[in-house]
Structure formats: structure tokens, C-alpha cells
Amino acid sequence: MDTEKKKLLGMLFSVLDHHVYGARIRKIAGSMHLSLMAIQEEFVRYNLGTHDAIGNEVYKSIANRFVLHIHNLIDGSWHQDRQAVITKFVSEVNAKNVIDVGFGVPTRYVEDLVLQSDDMEVTFLDMYDSAFAFSEHLLDFWSSNWRDKIFFKKINMDLDNICGDYDLYIFQDSIEHTKNPAKVLRETVMGAANNARFIISLPIGPIFPRHYMEWLGDRDARLWVEGCGLKIEKEQSVYTKPEVDLFAKQIDPKYHDLYFLCSKQR
Ligand SMILES: C[S@@+](CC[C@H](N)C(=O)[O-])C[C@H]1O[C@@H](n2cnc3c(N)ncnc32)[C@H](O)[C@@H]1O
């Protein structure tokens, strides 16, 4: 087995062998009739970039949702740093009614903020049923009453508007997955209330498979966000760490996610 694959499997099993997270993942996999081998194969394919699916179809399978969730649990990873930033920004906004567009899987801000609050709710938007099916199982472990505050909306951003009135719109590494990112963001901003806030994270670096747009530097990203009708209030970068984030070796060393907390331009 080559060293990259060995390292990757080491990371996977650091989560799968965890007494809480691993046990939970094994239970969810059992109830969804998915083998650990299917999850392992998807983990390797997705991280080594050897997937047969070229476009967003990569996210269609249930196995891929397990992979996204496992990433979020790898100690010291880029994915954990991203969760820390979004949790901090969400807590600063103090929103009651949030929509998370292309949410992927439930992450830390949901567990630490939404489920702990008496008056906060979130709508998870995605185009694939796998996102909702996996989330239902995970959320059952996180809370007995999550259905009172977490809602699902199946929408393909390429085809339909993100309608609805929310205090906070989150696009975390998702807007670049739609065919016309500027159109989707502009229309969402135009349709939002004047006091709505936005958290947007964009990948900074050369274009990736599954992405329809690239921002080669922070300045490009700022200008683009402002061009879509937003005023930037805060920003924070999250860099990959090649020693933990195996995929980082295959990409530009300066690649990072740039997070913006924004309000609407008046
Ligand atoms: C890179 S993942 C990001 C997941 C999560 N937001 C995060 O940052 O960890 C992209 C997500 O967007 C969803 N997605 C891709 N294209 C979409 C579209 N056209 N409409 C709605 N969701 C889409 C995928 O199913 C996937 O869950």
C-alpha cells in the first residue's frame, strides 16, 4: 500500500476507532445498511481525487455524506478550523432563523449553538437526498427534539431560487458548486430583508473539479462578494495543513478558504 493511502486510512480509523464518534458512525452505517468497507472506499476515492464522478454527483451517495462527517471529526484538520470559524461568526450574528445552503452534513455550530438555543432554527438546503437521510440519523444522536428547530429544503441552486426570509444566509464552500454563482448570490441578496446577514466562504486558489468559478486571490474574492451586493464586515482565512489534510498535497500550497461575514449594501 502506498504511503498516501496508508496515511489516509490512519486518519479514517482515528475517527472510526474513537469510542464515541466511531461507535456512533458504525451504528448509523448499520441502520442505513452501509458497510464500513463502502465508507472506506469512498473516503479514499474522494480524498485521493480518483472518483469516477467528475461533477457534483460525487455528493449523491450516502457513503460520501459519511466521508464529509468523518472529515469534520479529524483532529487538527482544516475541516475543524473551518467549523470553528463558522461557529464564531454564527454566534456573533445572533440570528434566529438561519439557512445553510449546500450544508453538506450537520456541523459543530448546529450542535453547539442551534441545538442549545431556545429560539434559533436552521433550514438545511441541499440538492441530494443523501444529505437529509444522513442528517436525520446523526441528529437523532444529537437531540431528541431537533425536528422542532431543524428543517430540510431540497433545492438545486442551478434551477430554483433560494426563496424564504432568513436572518442569516450561510454559503460555506457551496456557491462555487452552482453553474452561475454570481446570479444565485445576487438574487439571494436582493430577495433578503435589509437587515439580513450573510456568511460566505470561498476557496481561494486554482479551480477544482466540481467548481464553476475560481478566485485566485483574496482581493478577487472581496471584489466579487461586493459586486453581488454585500458589504464585508469581517473576514478570516483558514489554511490547509498538508501534514493533516492529505488532499492539500495535491493542490496549491497557498490554497485557503476565505470567510466573510457580510450585510446587505444600503
Ligand atoms: C463542498 S460541499 C460543502 C458542504 C458544507 N457546506 C461544508 O462546507 O462543509 C458542497 C455541498 O453543496 C451541495 N450542492 C452542490 N451543488 C448544489 C446545487 N446546485 N444546489 C444545491 N446544493 C448543491 C452538495 O450536495 C454538497 O453538500
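**Group meeting: strand E5, two domains and a ligand shell**

I begin with a single pairing: Phe 198 has Cys 262, in strand E7, as its bridge partner. Please keep in mind throughout that the model is predicted.

That pairing belongs to a longer contact between strands. Strand E5, residues 197-204, and strand E7, residues 256-264, are joined by eight bridges and run antiparallel. E5 also pairs with strand E4, residues 168-172; here there are five bridges, and the two strands run parallel. One partnership to locate in the structure is that of Leu 168 with Arg 197, the latter in E5. Between E4 and E5 I would draw your attention to helix H8, residues 181-191, since these three elements make a right-handed β-α-β unit.

Is strand E5 mostly covered or mostly open? It is mostly covered, with seven of its eight residues buried.

A contrast to this strand is offered by Arg 219, a residue of helix H9, which spans residues 218-227. Arg 219 is exposed, because 10 other C-beta atoms lie within 10 Å, and the cut-off for an exposed residue is 12 or fewer. Along the sequence, Arg 219 and Ile 204 are 15 residues apart, while in space their C-alpha atoms are separated by 9.9 Å.

I turn now to the overall division of the chain. The protein chain is split into domain 1, residues 3-73, and domain 2, residues 78-264. Their C-alpha centres lie 21 Å apart. How many residues does each domain bring to the contact? Domain 1 contributes 24 residues and domain 2 contributes 20 residues.

On the side of domain 1 that touches domain 2, at least two residues each come from helix H1 (3-16), helix H2 (21-31) and helix H4 (62-73). The largest share is that of H4, which supplies eight residues. Sorted by class, this side of domain 1 holds nine nonpolar, 10 polar and five charged residues.

Finally, I come to the ligand. Which residues are closest to the ligand? They are Tyr 59, Gly 102, Gly 104, Met 157 and His 177, out of 18 residues that surround the ligand. The shell as a whole comprises seven nonpolar, eight polar and three charged residues.

To close, I return to the strand with which I began. E5 is joined to E4 in parallel and to E7 in antiparallel fashion, and seven of the eight residues of E5 are buried.

Conventions. Residues are numbered from 1 along each chain as its sequence is written. This is a predicted model: local features need pLDDT of at least 70, side-chain atom pairs count only at pLDDT 80 or more; totals for chains, interfaces and linings use all residues. A residue is buried if 20 or more other C-beta atoms lie within 10 Å of its own, exposed if 12 or fewer, and partly exposed in between; C-beta atoms are placed from the backbone. Helices (H or I, at least four residues) and strands (E, at least two) are DSSP runs, numbered from the N terminus. Two strands pair if DSSP finds at least two bridges between them. A crossover is right-handed if, with the strands pointing away from the viewer, the path from the first strand over the helix to the second runs clockwise. Domain bounds come from an automatic or database domain assignment. Two residues are in contact if their C-beta atoms, placed from the backbone, lie within 7 Å. Ala, Val, Leu, Ile, Met, Phe, Trp, Tyr, Cys and Pro count as nonpolar, Asp, Glu, Lys and Arg as charged, and the others, Gly among them, as polar. A residue is near a molecule or strand if its C-beta atom, placed from the backbone, lies within 6 Å of it.
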